[in-house]
Amino acid sequence: MEQARNYVCTECASAVPSGHKFCGACGAGVPHEAQTLETRFFGALQMPGKARLIVVRGDEAMGEGLSYLLQATEHIAGREADQIPFPSDTWLSPRHANFLYRGAKLVVRDEGSLNGVYIRVRGTAPIQIGDQFMCGQQLFRVDATPKDSSGPEADQTYFYSSPKRPSAFRITQVLEGGMDGIVCCAHEQTVQIGREECDINFPDDVYLSPRHARVEMSGESLELIDEGSQNGTYVRIRGERELSHGDYVFLGQNLLRVEVTA
Amino acid sequence: MIVCSRCSKDNQDHYKFCLGCGAELPRLSANAHPISTDTPPGGSSATGRATNASQAQAAQAEASEPELDWDRSPEEARSDSLPAELASLSDQTSPCPHCGAGVPENFRYCHVCGHDLHEHAVGAAAADAPAERVSAPAVAEALQPATVRARLVLIQPDGSEGETFPLSAGPTLIGRSSGGIFANDAYLSPEHAEFRFEDGQLVVKDMESLNGVYIRIEPDVPIELFDGSVFRVGQELLRFDGPRAPEPAPDGTQHMGSPHRGYLGRISLLVGRQTTGNSYPIPPHGIHIGRERGDVVFPEDGYVSGLHCRVHSEVGHVFLTDVGSSNGTFVRVSLESYVPAGTYVLMGQQLFRAEY
C-alpha cells in the first residue's frame, strides 16, 4: 500500500505532476492553492539576508530583550518613530536613525540627530578632532590643543599663566545637559581612560573596565583603542556606517545588537 | 640641581625640601639664586621666585616645628580642615556693614566682600557711647596729607624683608610706571593697583591690570568663590566656573552625556589669556587640591603643599579654604578688597606684606 505522491485530480482521480495547471487525463483545472505550494518559514526571523535588532539595554518603557525585524527597506528609530520607537528616551531625537538596506548591505544612517549614533569599536578605530566616543556611562570629545597666545600686551605687560606643558590633543568629558566635565590634556601622546590608574578615572562607573580605552597620537593621526574592555568603546558615526553581524549600536540610552541571518 | 641624599631625586637649586621624599635639602644652595628683577619674563620660573619667598619663610617656621605638613595623615588633615566656623553653622545671619550681604552669625569675615566683622564689632562696641568725641580727632588725623599710614614690604626669595614702599592715607597708585621696586616687573601693568584707606582699613583696587592683584587668604577661613573667580596655588593659576548648561533642543531632546552628579561648577587651569588646560568638575562634597594628596594633584609643582586647599560647598555657596599650606592660597581681587594688616599681597612677580 502506497500513498499517491502528487496531487490527485478530483474529477478523474488521475495523478497530476506538480507544476501542471490542468489534469492531463480529463482537463479539469488544478486549484490555485495546490499550484502554489511553497515551504513557509515558521517565522519571518528565518528569512535570509534580513537583519534584526535586539535591545540589549533599553528604554524604560520598551524594556530589554525586544527585537525588531528589519523586513522593509528603511526603518526609522527615534523618540517618535513608528517602526523602532523609544518613547521615553529624551536623548533621542524624534527621528534619530535609519536602518536601511543598500543592496545586500545593512547600513545605519544618522538622521541629523542631536546626540548621534554610536557604534562599538572593534579593536582600534581612527578618530579625529571633534569626534565623540563613549566608555561605560561616560561620553567624551576629542579636542585640539588651543593656540598659545603668550606675547606681551601693547603696553609690554606679559601675561602670567600656569606652567605650560606641551600636549598633542585633549579629551573633554561631556556631561548630561551638554556642559563640559573633566578636561585632560595628553601628557605624552596618550590619554588613557578607565576606573583606576589611568589619566581619567571614574571609580564609580561600574560599566567601565579598570583600563578601558585610550586615545593615542600615532604619527599625524589619532586612534581610539579599546583595551579589551568588557562593555566596549563606542564611537559616534559621521553620516552613515555599514553594519555586520555582531555589531553593537548605541542610540541614546539604548544599546542594540545587530543580527544578520546568513 | 641638588641631588637628594635620601632618595636621589633631582631638585631645583632653590628648593628647600626634596620633591621626592620631603627631606630637607642642603641649605648652601638655597641662596644660590638671588632675585633679579630684570630677568626676562619666563612665566613659571619668574613667578615661582615670588612665591618662593613665603615658602622660604614657611620653611624657616617649619624648621622649628618638627611636624611637616606632608607628614600628617590624611585623616588628621581632613578632620582639622573643617573650619570651626562651619562646624556649627547657624541660620542666623546679620548684614555685613560693608556690602550688606547676610552673613552667618559665627563668620569672622564677610563671605562676600571679606570685610573683617570682628574688628567692626569691637569698634562699634567701643564707639557706642562717646561716638562724637572719639571720632573727631581721628578724622583730623586721617586728613593730614602726606602721612605715611602703611607700607608694603617686599618679601625676598629667601624669606627676608627687602625694600619697603610707603603708602599714604590718600590713594597711592602703583605699577610699572611708578618706578622703584615696580619698574622692572614685566608682569605688572603700567598702572596696576591703587591703595587707599577706608575706615582705618587698607583697601586695594585692581586698576584693570592684566595679571591682577592676589591676596593670601587666611588658613581655615573659607572665602566664597563666584563664577569666574581666579586663585593661585603654587605656580598654578586656577579659575572657578559656576555650572552652565546649554538649552535643550527645541524638539525636547536633551543633551546626552556622562552622569551629572550635581556638580557645583568646575576648576580649570589657566594656561593663557583665554585658554584653559586641564579642568575638573567639583562634586557636591567638594575637592581637595595638593601636590601629593587630594582629588586634584600637581605632582610637578614644588610650591604646592602636600595638601594645599579645598573647594567646597556650604549653605548653597562655593568656598575656597586653605588647609594650612606652606606658601598660601592667593585669591585674585575682583575690583577691590580690604587688606588687613599683615596680609600678603602678590602683584606681578613680587610678593609684599602690608604693614600698618
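Begin by selecting chain A of this predicted model: a compact globule of 262 residues would have a radius of gyration near 18 Å, whereas chain A has 29 Å. If you turn chain A about, you can follow its C-alpha trace, which spans about 115 × 35 × 35 Å along the principal axes. Colour chain A by secondary structure, and one helix and 22 strands appear. Buried residues make up 36% of the 262 residues in this chain, and, among its contacts between residues at least 6 apart in sequence, 45% join residues at least 24 apart.

Next, stay in chain A and select Ala13(A), in the loop between β1 (7–8) and β2 (15–16) of chain A. The phi of Ala13(A) is near 65°, which is a positive value in a residue other than glycine. Most residues other than glycine have a negative phi. Is Ala13(A) buried or exposed? Ala13(A) counts as exposed because it has 11 C-beta neighbours inside 10 Å, and the limit for an exposed residue is 12 or fewer.

Now show both chains together and look at where they meet: 37 residues of chain A are in contact with 40 residues of chain B. On the side of chain A that touches chain B, the elements that give two or more residues are β12 (138–144), β13 (169–174) and β14 (180–185) of chain A. Select β14(A) in particular, since β14(A) gives the most to this side, with five residues. If you colour that side of chain A by class, you will find 17 nonpolar, 15 polar and five charged residues.

From here, move to the nonpolar cores. In soluble globular proteins, nonpolar side chains tend to be buried together. Which residues touch the most other members of the largest nonpolar core, with its 112 residues? They are Val249(A), Leu251(A) and Val345(B). Centre the view on Val249(A), and, leaving out residues up to four places away in sequence, you will see that Val249(A) touches Val108(A), Val117(A), Tyr118(A), Ile119(A), Leu256(A) and Val258(A). A second, separate core of five residues can be selected in turn, and among its members are Cys96(B), Phe107(B), Tyr109(B) and Cys110(B).

Go on to chain B and select an open sheet of four strands, which has the order β7-β8-β9-β21 with antiparallel pairing. Its edge strands, each pairing on one side only, are β7 (172–174) and β21 (336–339) of chain B. Neighbouring strands of the sheet are turned by 25° against each other on average, when direction is ignored. Strand β9 (residues 201–206) of chain B pairs with β21(B) in the antiparallel sense over four bridges, and here Leu202(B) stands opposite Val339(B).

Then select strand β19 (residues 317–322) of chain B, which is mostly covered, with five of its six residues buried. Strand β18 (residues 309–314) of chain B pairs with β19(B) in the antiparallel sense over six bridges, and Arg310(B) stands opposite Thr321(B). These two strands form a hairpin with two residues between them, and in the turn Val315(B) has a positive phi of about 40°. Strand β11 (residues 223–225) of chain B also runs antiparallel to β19(B), joined to it by three bridges, and Glu224(B) stands opposite Phe319(B).

Finish at Asp220(B), in the loop between β10 (213–216) and β11 of chain B. Asp220(B) has a phi near 65°, again a positive value in a residue other than glycine, and Asp220(B) counts as partly exposed because it has 16 C-beta neighbours inside 10 Å.

Key:
Residues are numbered from 1 along each chain as its sequence is written. Chains are lettered from A and ligands numbered from 1 in the order in which they are written. This is a predicted model: local features need pLDDT of at least 70, side-chain atom pairs count only at pLDDT 80 or more; totals for chains, interfaces and linings use all residues. A nonpolar core is a set of buried Ala, Val, Leu, Ile, Met, Phe, Trp, Tyr and Cys residues joined through C-beta atoms within 7 Å. A residue is buried if 20 or more other C-beta atoms lie within 10 Å of its own, exposed if 12 or fewer, and partly exposed in between; C-beta atoms are placed from the backbone. Two residues are in contact if their C-beta atoms, placed from the backbone, lie within 7 Å. Ala, Val, Leu, Ile, Met, Phe, Trp, Tyr, Cys and Pro count as nonpolar, Asp, Glu, Lys and Arg as charged, and the others, Gly among them, as polar. Two strands pair if DSSP finds at least two bridges between them. Axes are lines fitted to C-alpha atoms, for helices over the stretch in contact, and angles run from 0 to 180 degrees between N-to-C directions. The radius of gyration is taken over C-alpha atoms; the globule rule is 2.2 Å times the number of residues to the power 0.38.
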